Amino acid sequence: MAARCRSDTRFHHVHGTNVRIDPSHTQATRVESFANGLCFSREPLEPGQIFLVEIEEKELGWCGHLRVGLTAHDPQSLEVVPEYSLPDLVNLGDTWVFAITRNHNRVALDGEEARAPARVQGFLSEPYLLIEQVRIPRDKLVGRSRPGRYSHILDDLYKMNVLPPTARRSRIGVLYTPQPNGTADMHIVINGEDMGPSARGLPTARPLYAVVDVFASTKSVRVIQVEYGCRYLLLPRSHPAEAAQAGTGGSSLLADPLPAGHPEAHCPSPGHRWPGPAPTAEEFLQIRVRR
């Protein structure tokens, strides 16, 4: 099932006292101190919709980093925006926040030993990130160390996925996935990798807003728009075989979500499927040039 999506994501006009939001409501900068940097999404998120930010500026001398999560509180209903997401906002209830660290961020499942995530080799060979029934174009989820339309294809930080989570240009997102029991799981995505369900049992009956705490050494972040061709790619839970066959064609949900010629459309045109391993970065670039 594919649900219609909003065209963009932006910050709410309600925020912490030390935050300045730019006129486009896509950049949040903490202008003083290390706290009072709480921000929220302007609208509640849809199931499977990711709220993605890129770290634009760091500030040395502080201990701690960006914090992200979800809250069932409408920002406009807050009499005072809390100083901290952890623990102040969480203590209000119905709020789930995840602190980003330099190294290990993966959440261990029940009965699973915590382990550091393995680095992905040949990152371009998997154009989509699959989180349960949600399929997200991986291209926008990974930060680039150098600007330019095609520079990220040749950028080792992009191809090898070794950008530290708290570094400049690192991209961090939050979303929730509905569960059969009527609740939802919260997932954090760091540079194109799912950290696992960092919270369970979220109430899907209430609107859920993204929380971004521009805290301590993180000074400024910018919202990154993730375009799905105005659709969230939700694979039906009743047909798990479709998820296993993702990328083999036959379903309208598997079409390239960006139109041909779009500056961020790095996948071949709709209907194109590679029968074997994905091409190398150089071959991939040649495909785009020929088109």
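The following dialogue works through how some labels are assigned in this predicted model.

Student: What makes Cys39 count as buried or exposed?

Tutor: Buried means under 20% relative accessible area, and Cys39 has a relative accessible area of 1%, so Cys39 is called buried.

Student: Why is Cys63 given the label exposed?

Tutor: The label exposed requires a relative accessible area over 50%; Cys63 has a relative accessible area of 74%, and therefore Cys63 is exposed.

Student: How many disulfides does the rule give?

Tutor: A disulfide needs a pair of cysteine sulfur atoms within 2.5 Å, and by this rule the count comes to zero disulfides.

Student: Where does His65 lie, and why is His65 called buried?

Tutor: His65 lies in the loop between strand S5 (51-58) and strand S6 (67-71). The relative accessible area of His65 is 14%, and because buried means under 20%, His65 is called buried.

Student: What makes the pairing of the side chains of His65 and Ser217 a polar contact?

Tutor: A polar contact asks for a pair of N or O atoms within 3.5 Å, one able to donate a hydrogen and the other to accept it. The side chains of His65 and Ser217 are joined by such a contact of 2.8 Å. Leaving aside residues up to four places away in sequence, His65 touches Lys58, Ile100, Arg102, Thr166, Phe215, Ala216, Ser217 and Thr218.

Student: Thr166 is in that list, so why is Thr166 called buried?

Tutor: Thr166 has a relative accessible area of 6%, which set against the limit of under 20% means that Thr166 is buried. Thr166 is placed in the loop between helix H2 (156-160) and strand S10 (171-178). Its contacts, again not counting residues up to four places away in sequence, are with Ile55, Lys58, His65, Ile100, Thr101 and Arg102.

Student: What makes Thr17 exposed?

Tutor: With a relative accessible area of 68%, set against the requirement of over 50%, Thr17 is therefore exposed. Thr17 lies in the loop between strand S1 (3-4) and strand S2 (19-21), and its C-alpha atom is separated by 8.4 Å from that of Glu83, which stands 66 residues apart from Thr17 along the chain.

Student: How do you know that S4 and strand S13 pair?

Tutor: Two strands pair if there are at least two bridges between them, and S4 and strand S13 (residues 209-213) have three bridges, in the antiparallel sense. Within this pairing, Leu38 stands opposite Asp213 in S13.

Student: What makes S4 an edge strand?

Tutor: The open sheet has four strands in the order S4-S13-S6-S7, with antiparallel pairing. Strand S4 (38-40) and strand S7 (95-99) each pair on one side only, and these are the edge strands. From one strand to the next, the twist averages 20°.

Student: How do you know that strand S8 and S9 pair?

Tutor: Where at least two bridges are needed, strand S8 (residues 128-131) and S9 are joined by four bridges and run antiparallel. Tyr128 has Pro137 in S9 as its bridge partner. The hairpin of S8 and S9 has two residues between the strands, and in this hairpin Glu132 takes a positive phi near 55°.

Student: What makes both faces of strand S9 covered?

Tutor: In strand S9 (residues 134-137), Val134 and Ile136 on one side and Arg135 and Pro137 on the other are all buried.

Note on methods
Residues are numbered from 1 along each chain as its sequence is written. This is a predicted model: local features need pLDDT of at least 70, side-chain atom pairs count only at pLDDT 80 or more; totals for chains, interfaces and linings use all residues. Side-chain values use heavy atoms; hydrogens and water are left out. Axes are lines fitted to C-alpha atoms, for helices over the stretch in contact, and angles run from 0 to 180 degrees between N-to-C directions. Buried means under 20% relative accessible area, exposed over 50%, partly exposed in between (1.4 Å probe, protein chains only). Contact means heavy atoms within 4.5 Å.
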